[in-house]
Amino acid sequence: MDEILPGDVATALEAQRQRNLRHQAAYSVVADGQSHPIVHLGKTGFVIEADGRPPLRGYADIMRGDDRILRGLVVCTWARNGHVGYEFKRDGTGTIVPADYVMPAHTGLLDAPS
C-alpha cells in the first residue's frame, strides 16, 4: 500500500492509526508513576509505543481502567518501528516462571522469634 500512496499521505495515515490505538487502549502499564497505553497485551508480555521516555524497569502494574489486573517484573526485549516489547520475567500471579530461575534448596518458612 505504501507504493500506491504518496509519502506524506502514508505518513499521515500511520500517525492517525497510532492516535487511534492510543485512544482505544483498554489496558495500560504503570511504572515509576507514569502510565503508558498498551498496544498489544499477550500472556508473556506486552507492547507499548516508544515515546522517547527511558525504558521501563523493574515492577510494573498492568491496569484495565482503574483496576490492577497484574503486577509483574518486566524486561525490555526489543525495540523497532516506534514500538517497544516487554516480557514478564516474573508476574504477580505466579503463573510465569522464567527458564533461568532455580528454586533454592533451602527454601522454607522460618519460625517467628520467641
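These are my notebook entries on a predicted model, going through its core, ring pairs, salt bridges and a few single residues.

**Entry: the core**

I began with the largest nonpolar core, which has 13 residues. Which members touch the most others? I noted Val-29, Phe-46, Ile-48, Leu-56, Ile-62, Val-74 and Tyr-86. Then I looked up the elements that supply two or more residues to this core, and they are β1 (27–31), β3 (45–49), β4 (58–64), β5 (67–80) and β6 (83–91). The biggest giver is β6, with three residues.

I picked Leu-56 for a closer look. Setting aside neighbours within four places in sequence, I found Leu-56 in contact with Val-29, Ala-31, His-36, Phe-46, Ile-48, Val-74 and Tyr-86.

**Entry: rings**

How many aromatic pairs does the structure hold? I get two. In one of them, the centres of the Phe-46 and Tyr-86 rings are 5.3 Å apart and the planes are at 20 degrees, so I logged the pair as stacked. Phe-46 belongs to strand β3 and Tyr-86 to strand β6, so this pair ties together parts that lie 40 residues apart in sequence. Both Phe-46 and Tyr-86 are buried.

Next I checked Phe-46 against Phe-88. The centres here are 5.8 Å apart with the planes at 50 degrees, so this pair goes down as tilted. Phe-88 is in strand β6 and Phe-46 in strand β3, so parts 42 residues apart in sequence are tied together. Phe-88 is buried, as is Phe-46. Put together, the ring pairs make a cluster of Phe-46, Tyr-86 and Phe-88.

I also looked at Trp-78. The charged end of Arg-80 sits over the Trp-78 ring, 4.1 Å from the ring centre.

**Entry: salt bridges**

My count of salt bridges is two. As a reminder to myself, side chains of opposite charge can pair when their charged atoms come close.

The side chains of Asp-61 and Arg-68 form one bridge, at 3.4 Å from N to O. Are the two partners buried or exposed? Asp-61 has 14% relative accessibility, which is under 20%, so I call Asp-61 buried. Arg-68 comes out at 52%, over the 50% mark, so Arg-68 is exposed.

The other bridge joins the side chains of Arg-71 and Asp-61, at 3.0 Å from N to O. This pair links distant parts of the chain, with Arg-71 in strand β5 and Asp-61 in strand β4, ten residues apart. Arg-71 has 38% relative accessibility and counts as partly exposed. Through shared partners, the salt bridges join Asp-61, Arg-68 and Arg-71 into one network.

**Entry: β4 and β5**

Since the bridges led me here, I looked up how these strands pair. β4 and β5 run antiparallel and pair over seven bridges. Which residue of β5 is the bridge partner of Ala-60? I found Gly-72 there. The two strands form a hairpin with two residues between them. In the turn, Gly-65 has a positive phi of about 65 degrees.

A side note on strands in general: in a regular strand, side chains alternate between the two faces of the sheet.

**Entry: Ser-28 and Arg-68**

Ser-28 is a residue of strand β1. With 14% relative accessibility, Ser-28 counts as buried. What does Ser-28 touch, not counting residues up to four places away in sequence? My list reads Ser-35, His-36, Pro-37, Ile-38, Asp-61, Ile-62 and Met-63. Asp-61 turns up in this list, and I already had Asp-61 down as a salt-bridge partner of Arg-68.

I went back to Arg-68, which sits in strand β5. Apart from its neighbours within four places in sequence, Arg-68 is in contact with Asp-61, Ile-62 and Met-63. Those three names are also among the residues I listed for Ser-28. Where is Arg-68 relative to Ser-28? They are 40 residues apart in sequence and 9.5 Å apart in space, from C-alpha to C-alpha. As for accessibility, Ser-28 is buried, whereas Arg-68 is exposed.

Technical notes
Residues are numbered from 1 along each chain as its sequence is written. This is a predicted model: local features need pLDDT of at least 70, side-chain atom pairs count only at pLDDT 80 or more; totals for chains, interfaces and linings use all residues. Side-chain values use heavy atoms; hydrogens and water are left out. A nonpolar core is a set of buried Ala, Val, Leu, Ile, Met, Phe, Trp, Tyr and Cys residues joined through side-chain atoms within 4.5 Å. Buried means under 20% relative accessible area, exposed over 50%, partly exposed in between (1.4 Å probe, protein chains only). Helices (H or I, at least four residues) and strands (E, at least two) are DSSP runs, numbered from the N terminus. Contact means heavy atoms within 4.5 Å. A salt bridge is a side-chain nitrogen of Lys or Arg within 4 Å of a carboxyl oxygen of Asp or Glu. Two strands pair if DSSP finds at least two bridges between them. Rings of Phe, Tyr and Trp (its six-membered ring) pair if their centres lie within 6.5 Å; planes under 30 degrees apart count as stacked, over 60 as edge-to-face and the rest as tilted. A charge sits over a ring if NZ of Lys or CZ of Arg is within 6 Å of the ring centre and within 35 degrees of the ring normal.
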